[in-house]
Amino acid sequence: MTVWSAVLASLMSGPFLRFAPSPNGYLHLGHGFSALFTWRAATHLGGTALLRIEDIDTVRCKPEYDAAIREDLAWLGLDWPQPVLRQSERFALYRAAAARLGDLLYACNCSRAEIAARATRTDPDGAPLYDGHCRHHPPPAGSQLQWRIKMDEAIARAGPLGIAELAVDGINIGETLETRLANPALWGDAVIVRKDTPTSYHLSVVVDDAAQGITHVTRGMDLHAATDLHALLQKLLRLPAPIYAHHGLVCDDADLKLSKSKRSVSLRSLREAGWLSQDIRGQLGF
C-alpha cells in the first residue's frame, strides 16, 4: 500500500478536493478565496479538502513560503489531513508518466525569444504559440532540452474528450453537472517536461490528482482553458478525470487578477496590519 492509498483509506469515503499552492511567495487574497471556496465545497459535498504543495520549481520555491502557506491557512481556520503531498518528492513518478507518453513527445531546445519571433498566434494564456520547429529540426546533442507533445497525434490517439463541470455561483458550486468537449489543440505542442525539472505543471497535476483520488477540482477561471490539456493527458495516461468547478478571480482596482509576480498584498501583511481572519472572510464573501 502506498503512502497515499493509506491516507485515503484512513479518511472517510466520499469526495476529495485539494488546494494546491506553490511556495514561491506569500499567499494573497486570491489564494485565500480559492482556499475558502475549496473547503466550503468539500463541506457541501460531504468530502475532504487536502493541501498539496506544488513545488516543482526548486529554484523559486522556498521552505519559508511553504511554512507561511500552512500558517496562513490555519489562521483562516482551515485544516487538512497529514501528510501533505509535496511534488518535489515525486519527480521519479513524473518521469515515469512522461515515459508512458512515448513517441508522442519530442525534444525541443527553443528559447522563449526564438518562439516569440516565429509565432503567429497565441495560446489561451496569451503566450506565443509554438510553431513545431523542433519536430522538423531536431536540437543538437548536449543542449538543454524540454519535451513537447505532438498535439495532433495525441488528439488522434485520445479521441473525443469530454470535461465534466459544475457551474459556480459566487462562493457556491452548483448542483447540475454538464459536460463540454475539450479542445486541447488551442495549446499547440505544449511543454510536458520542462528544461529545468522532469515535469511540467500540466503533467504533475494530473498525476497527483489521480494519486490523491481527487474527485472534484476547484480552482480559478484562469486555469479553465488548461483543463482541456489536462483532459488529454488523463486520457492518454489512463487516469481518472475529476469533476471541475472554476470560480471567479479576485482582482485589483485595475480589474487585473492578483498575483505574486505583481507583489499583490499578502495575507501575511494584512494579518500583521491587524486584520483578523473573520475580516478576510468577510472581505471575500465567506
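**Exercise 1. Work out how the three-strand sheet is put together and which helices pack on it.**

Start with the strand order: the three strands make an open sheet, 1-2-3, with parallel pairing. Strands here are DSSP E runs of at least two residues, helices are H or I runs of at least four, and both are numbered from the N terminus; two strands pair if DSSP finds at least two bridges between them.

Next, look at the edges. Strand 1 (16-19) and strand 3 (85-86) each have a single partner strand, so one side of each has no neighbour in the sheet.

Now the pairing itself: strand 1 and strand 2 (residues 48-53) run parallel and are joined by four bridges. In one of these pairings, Phe-19 has Leu-51 in strand 2 as its bridge partner.

Finally, add the helices. Helix 3 (residues 63-75) lies across strands 1, 2 and 3, at about 160° to strand 2. Helix 8 (residues 201-211) also touches strand 1, strand 2 and strand 3, and its direction makes about 140° with that of strand 2. Touching means heavy atoms within 4.5 Å, and the angles, from 0 to 180 degrees, are between N-to-C directions of axes fitted to C-alpha atoms, for helices over the stretch in contact.

A word on the model: it is predicted, so local features need pLDDT of at least 70 and side-chain atom pairs 80 or more, while totals for chains, interfaces and linings use all residues. Residues count from 1 along each chain as its sequence is written, and side-chain values use heavy atoms, without hydrogens or water.

**Exercise 2. Find what supplies the largest nonpolar core.**

A nonpolar core is a set of buried Ala, Val, Leu, Ile, Met, Phe, Trp, Tyr and Cys residues joined through side-chain atoms within 4.5 Å. The largest has 35 residues, and Leu-101 and Ile-149 are among those with the most contacts inside it. Helix 4 (91-101), helix 7 (151-158), strand 8 (191-193), helix 8 and helix 9 (226-236) each supply at least two residues. Helix 9 gives the largest share, six residues.

**Exercise 3. Sort out which residues of helix 7 are buried and which are exposed.**

Buried means under 20% relative accessible area, exposed over 50%, and partly exposed in between (1.4 Å probe, protein chains only). Met-151, Ala-154 and Ala-158 are buried. Seen down the axis of helix 7, the buried residues fall within an arc of 65°, so they line one face; the arc is taken from the directions from the helix axis to the C-beta atoms. On the other side sit Ala-156 and Arg-157, both exposed. Helix 6 (133-136), strand 5 (146-149) and helix 9 are included in what covers the buried residues.
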